[in-house]
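Colleague: Hi, I'm new to this one. Could you walk me through it?

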Amino acid sequence: MPRFVLSSRRFIPVCACLVAIFGCSSAARAQGIGFQGGATIDPNQVFIGTHLETGQLMPNFRFRPGIDGGFGGNYSLASVNLEFLYAIPLKSGWALYQGGGPAIVLERTTAGNLHTTSTHAGTFLTFGFANENGFFTEFKLGGGHSPNLKFGAGFTIRKKKP
């Protein structure tokens with residue numbers, strides 16, 4: 001059975017198209033773009049990434065697709081996360097949020113001069129705290145080929161309300 005392998009030359013344009021398509025789904029005034037970084041456990045890596053946050057699709061419910069890259073040892077991961085989040089507002093501008101969704105995971109392993117790249121499916125659950133100024137911290141529990149535990153912090157830049 002042939003195995004589907006997505007080359008790195010195709011991966012970035014495909015991800016950029018997905019983010020652009022999903023990003024155009026709501027009014028521009030309600031959207032935000034953000035950046036995050038952190039560490040993963042199993043595999044032990046550090047990661048950086050970016051995301052696009054839509055406006056509220058329903059009260060306190062948002063769509064946040066993103067791209068992450070994890071690095072460490074002889075192993076690297078790139079993942080496209082299609083994340084749906086539900087926020088529970090707390091006092092003083094903070095919110096507790098939870099959600100999750102599917103992920104497309106691109107794995108690359110290196111052994112000497114041999115590089116192996118493969119594409120897999122994954123899932124994750126997200127739990128975090130976010131401030132209305134854009135700062136957030138979260139952790140993700142992964143399944144499939146996603147990292148088992150991911151802890152990160154980041155910032156979402158949103159257009160200010162008039």
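**A first look at the loops and the surface**

Modeller: Happy to! Let's begin with Asn60, which sits in the loop between β2 and β3 (61-72). Keep in mind that this is a predicted model.

Colleague: What is the phi of Asn60 like?

Modeller: Phi there is near 65°, a positive value in a residue other than glycine. Most residues other than glycine have a negative phi.

Colleague: And why does Asn60 count as partly exposed?

Modeller: Because its relative accessibility is 25%, and partly exposed runs between 20% and 50%.

Colleague: Okay, another loop. What can you tell me about the one between β1 and β2?

Modeller: Asp42 is located in that loop, and Pro43 is found there too. Asp42 is not a glycine, yet its phi is positive, at about 60°.

Colleague: Is the peptide bond from Asp42 to Pro43 cis or trans?

Modeller: That bond is cis, with omega near 10°. Most peptide bonds are trans.

Colleague: How exposed is Asp42?

Modeller: Asp42 is partly exposed, with a relative accessible area of 47%.

Colleague: Changing topic: which residues form the nonpolar patch on the surface?

Modeller: Among them are Ile33, Phe35, Tyr86, Trp94, Phe129 and Ile157. Together the patch residues have about 960 Å² of accessible area.

Colleague: Which elements give two or more residues to it?

Modeller: Those are β1 (32-41), β4 (75-89), β5 (94-111) and β8 (149-158).

Colleague: Where does Phe129 fit in?

Modeller: Phe129 belongs to strand β6 (residues 114-131). Phe129 is partly exposed, with a relative accessible area of 40%, so it passes the patch cut-off of over 30%.

How values were computed. Residues numbered from 1 in each chain as written. Predicted model: local features only at pLDDT ≥ 70, side-chain atom pairs only at ≥ 80, totals over all residues. Heavy atoms only, no water. Patch = residues over 30% accessible without salt bridge, like charges linked within 9 Å, V, L, I, M, F, W, Y side chains within 5 Å. Areas by Shrake-Rupley, 256 points an atom, 1.4 Å probe, with all protein chains shown as cover. Salt bridge = Lys/Arg side-chain N within 4 Å of Asp/Glu carboxyl O. Helix = DSSP H or I, 4+ residues; strand = E, 2+ residues; numbered from the N terminus. Buried < 20%, exposed > 50% of the residue type's maximum accessible area, 1.4 Å probe, protein only.
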